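User: I am new to this structure and would love a close look at one part of it. Could you pick a single strand, walk me through it, and then show me how it fits into the rest of the chain?

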Amino acid sequence: MIFNNKFRLIISHNHSAKVNSNIDNALFKNFKENDLPILRIYSWQNSITFGAGQNPEDYQNFIKEYKNNYSKRITGGGVLFHGHDISYSLILPSQMIENKNVKETYELICKFIITFYNDIGLNASFAKDIKEITLSKSPFCQVGFEAYDIIINGHKIGGNAQKRAKKVIFQHGSIPIKNVKNDEKYGTSLESFSIKLEFKEAIEKLKEAFEKTFDAKLVNSELNEEELKIYNELCKE
């Protein structure tokens, strides 16, 4: 990986599902080959996101429970519940990653998530590296096991998904901080392992893990004029 050591850092708190998804989409759509790569870290209102290939109409009971606070992600995957988690989005020019396929890119990027968990005292591994884990699919993100899902003490935590265009790689993921319900669809959180972090502290530790893993310099930023224009157009739709 040829990482430019300078990244734009965009942090936002407690947005609705539609706002967070539209920001991600705007950053992805506007990104140009020579732009600085972007790390975005953010939190959510109580909400739901669906994978790009899912039909929200199939999950009306959850949509009603979450008071219509839902959106579709620009990536694939299953139903994901928010409000108890922080998320990251990483937008990179394709040229920064040389000769690596999607799976190899997942492993490379997710190293900073592994670092984050290890730094707070948890032993995190990829599902592919644990012989007891059987890879499987599920309409709910926290239930299935993909090769590069992160496992702690036999339990999947969070999830990551990727989208590519000709000159840009977009990856985002969720890190559950608090417990929600004793139901596998909602997944395991840091609290499940007796790790108590507030959202702002978790965000700081995620930043530190990113900087350490990739020898990166994070430069505070906000959406620029072009990104805001696309974001506003998406909101009108």
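Analyst:
**A close look at strand S11**

Happily! In this predicted model, strand S11 has two faces: Val 168, Phe 170, His 172, Ser 174 and Pro 176 point one way, Ile 169, Gln 171, Gly 173 and Ile 175 point the other way, and all of them are buried. With 9 of its 9 residues buried, S11 is largely enclosed by the rest of the structure.

Let us turn to the neighbours. Strand S6, residues 85-93, pairs with S11 in the antiparallel sense, and 9 bridges hold that pairing. If you would like one pair to find on screen, look for Ser 89, which stands opposite His 172 of S11. Strand S10, residues 159-164, is also antiparallel to S11 and is joined to it by 6 bridges. Here a good pair to look for is Gln 162 with its bridge partner in S11, Gln 171. S10 and S11 together form a hairpin, with 3 residues between the two strands.

Now zoom in on one residue of the strand, Ser 174, which lies within S11, residues 168-176. Is Ser 174 buried or exposed? Its relative accessibility is 6%, and because buried means under 20%, Ser 174 counts as buried. Its side chain has a polar partner there: a polar contact of 2.7 Å links the side chains of Ser 174 and Asp 85. Leaving aside residues up to four places away in sequence, Ser 174 touches Leu 80, Asp 85, Ile 86, Ser 87, Gly 158 and Gly 159. Asp 85, Ile 86 and Ser 87 fall within the residue range of S6, while Gly 159 falls within that of S10.

Next, the nonpolar cores. Nonpolar side chains tend to be buried together in soluble globular proteins. The largest nonpolar core here has 43 residues, and the members that touch the most others are Tyr 88, Phe 116, Tyr 117, Leu 190, Leu 206 and Phe 210. Helix H5, residues 199-214, gives this core its largest share, 6 residues. Another core, of 15 residues, lies apart from it and includes Ile 23, Phe 28, Phe 170 and Ile 230. Phe 170 is one of the residues we met in S11.

Tyr 117 leads back to the strand as well. Not counting residues up to four places away in sequence, Tyr 117 touches Leu 122, Ala 124, Ile 150, Ile 152, Ile 157, Ile 175, Pro 176 and Leu 190. Two of those names, Ile 175 and Pro 176, belong to S11, where they point in opposite directions.

For another buried polar residue, visit Gln 54, placed in the loop between strand S3 (47-50) and helix H2 (60-65). At 12% relative accessibility, Gln 54 counts as buried. Its side chain makes a polar contact of 3.5 Å with the side chain of Tyr 59, and the Gln 54 side chain also reaches the backbone oxygen of Pro 139 at 2.9 Å. Beyond four places in sequence, the residues that Gln 54 touches are Tyr 59, Lys 72, Gly 77, Gly 78, Val 79 and Pro 139.

Two loop residues make a contrast with the enclosed strand. Most residues other than glycine have a negative phi. Asn 153, though not a glycine, has a positive phi of about 50°; this residue is in the loop between strand S8 (150-152) and strand S9 (155-156). Its relative accessibility of 58% makes Asn 153 count as exposed. Asp 215 also has a positive phi, near 50°, and is found in the loop between H5 and strand S12 (217-220). Asp 215 counts as exposed too, at 61% relative accessibility.

Finally, step back to the whole chain, which has 6 helices and 12 strands. The radius of gyration is 17 Å, close to the 18 Å that the globule rule gives for 237 residues, so the chain is as compact as a globular protein of that length. Along the principal axes, the C-alpha atoms fill a box of roughly 45 × 40 × 30 Å. Buried residues make up 54% of the 237 residues. Among contacts with a separation of 6 or more, 72% are between residues 24 or more positions apart. The accessible surface comes to about 11600 Å², and carbon and sulfur atoms account for 45% of that area.

Conventions: Residues numbered from 1 in each chain as written. Predicted model: local features only at pLDDT ≥ 70, side-chain atom pairs only at ≥ 80, totals over all residues. Heavy atoms only, no water. Core = buried A, V, L, I, M, F, W, Y, C linked by side-chain atoms within 4.5 Å. Buried < 20%, exposed > 50% of the residue type's maximum accessible area, 1.4 Å probe, protein only. Helix = DSSP H or I, 4+ residues; strand = E, 2+ residues; numbered from the N terminus. Contact = heavy atoms within 4.5 Å. Polar contact = N/O pair within 3.5 Å; in protein donor to acceptor, adjacent residues only side chain to side chain. Rg over C-alpha atoms; globule rule 2.2 N^0.38 Å. Areas by Shrake-Rupley, 256 points an atom, 1.4 Å probe, with all protein chains shown as cover. Pairing = 2+ DSSP bridges.
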